[in-house]
Amino acid sequence: MISDLFPRLASRMFDNIYSHADPVGIYLTFDDGPDPDCTLKLLNLLEEYGGKATFFVTGERVEKHPEVLKSVHSAGNAIGIHGYRHNSFIKMSQPQIAEELKLSTKI
């Protein structure tokens with residue numbers, strides 16, 4: 001059952017996991033992928049429990065592991081972009097941010 005997914009993921013995968021709950025349910029997001037080991041384990045668990053998530057990826061990692069990102073997409077999960085290198089935009093100039101976003105759109 002999908003309501004069992006969150007605690008099982010937390011206990012099997014991570015020391016710290018965060019969620020946002022609303023009256024409709026729990027939304028799972030995963031950060032800094034794709035990773036051939038961790039991302040594929042998460043996809044298997046999501047499939048096992050009938051869950052979906054949003055995977056926030058970086059351009060650098062997508063370039064290294066495009067096949068893993070294809071698996072995320074093929075499984076019906078959402079994909080968000082954390083920029084090319086996952087730098088903090090707060091600490092960057094506008095031209096640096098523009099370059100980061102430009103690189104991200106090429107993935």
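A residue counts as buried when its relative accessible area is under 20%, as exposed when that area is over 50%, and as partly exposed in between. The legends below use these classes for a predicted model.

**Figure 1. Overview of the chain in the predicted model.** The chain contains five helices and five strands. Along the sequence these elements follow the pattern α-β-β-β-α-β-α-α-β-α. Of the 107 residues in the chain, 31% are buried. Among contacts with a separation of 6 or more, 61% are between residues 24 or more positions apart.

**Figure 2. Close-up of the open sheet formed by three strands.** The strands lie in the order β3-β4-β5, and their pairing is parallel. Strands β3 and β5 (78-81) are the edges, each pairing on one side only. From one strand to the next, the twist averages 25 degrees. Four bridges join β4 to β5, and Val57 has Ile81 in β5 as its bridge partner. Helix α2 packs on the sheet and touches β3 and β4. The direction of α2 makes about 170 degrees with that of β4.

**Figure 3. Close-up of strands β3 and β4 and the crossover between them.** The two strands run parallel and are joined by four bridges. Asp31 stands opposite Phe56 in β4. From β3 the chain passes through α2 to reach β4, and this β-α-β crossover is right-handed.

**Figure 4. Close-up of the largest nonpolar core.** Eight residues make up this core: Leu28, Phe30, Leu42, Leu43, Leu46, Ala53, Phe55 and Val72. Helix α2 (residues 38-49) gives the most to the core, with three residues. In soluble globular proteins, nonpolar side chains tend to be buried together.

**Figure 5. Close-up of the aromatic pair, of which the structure holds one.** The ring centres of Phe30 and Phe55 are 5.2 Å apart and the ring planes are at 40 degrees, so the pair is tilted. Planes under 30 degrees apart would count as stacked, and planes over 60 as edge-to-face. The pair links distant parts of the chain, with Phe30 in strand β3 (residues 29-33) and Phe55 in strand β4 (residues 54-57), 25 residues apart. Phe30 and Phe55 are both buried, and both belong to the largest nonpolar core.

**Figure 6. Close-up of Thr39, a residue of helix α2.** Thr39 counts as buried because its relative accessibility is 5%, against a limit of 20% for that class. Leaving out residues up to four places away in sequence, Thr39 touches Pro34, Phe55, Val68 and Val72. Among these contacts, Phe55 and Val72 are members of the largest nonpolar core.

**Figure 7. Close-up of Thr29, a residue of strand β3.** The relative accessibility of Thr29 is 44%, so this residue counts as partly exposed. Apart from neighbours within four places in sequence, Thr29 is in contact with Thr54 and Phe56. The C-alpha atoms of Thr29 and Lys52 are separated by 9.2 Å, and the two residues are 23 residues apart along the chain.

Key:
Residues are numbered from 1 along each chain as its sequence is written. This is a predicted model: local features need pLDDT of at least 70, side-chain atom pairs count only at pLDDT 80 or more; totals for chains, interfaces and linings use all residues. Side-chain values use heavy atoms; hydrogens and water are left out. A nonpolar core is a set of buried Ala, Val, Leu, Ile, Met, Phe, Trp, Tyr and Cys residues joined through side-chain atoms within 4.5 Å. Buried means under 20% relative accessible area, exposed over 50%, partly exposed in between (1.4 Å probe, protein chains only). Contact means heavy atoms within 4.5 Å. Rings of Phe, Tyr and Trp (its six-membered ring) pair if their centres lie within 6.5 Å; planes under 30 degrees apart count as stacked, over 60 as edge-to-face and the rest as tilted. Two strands pair if DSSP finds at least two bridges between them. Axes are lines fitted to C-alpha atoms, for helices over the stretch in contact, and angles run from 0 to 180 degrees between N-to-C directions. A crossover is right-handed if, with the strands pointing away from the viewer, the path from the first strand over the helix to the second runs clockwise.
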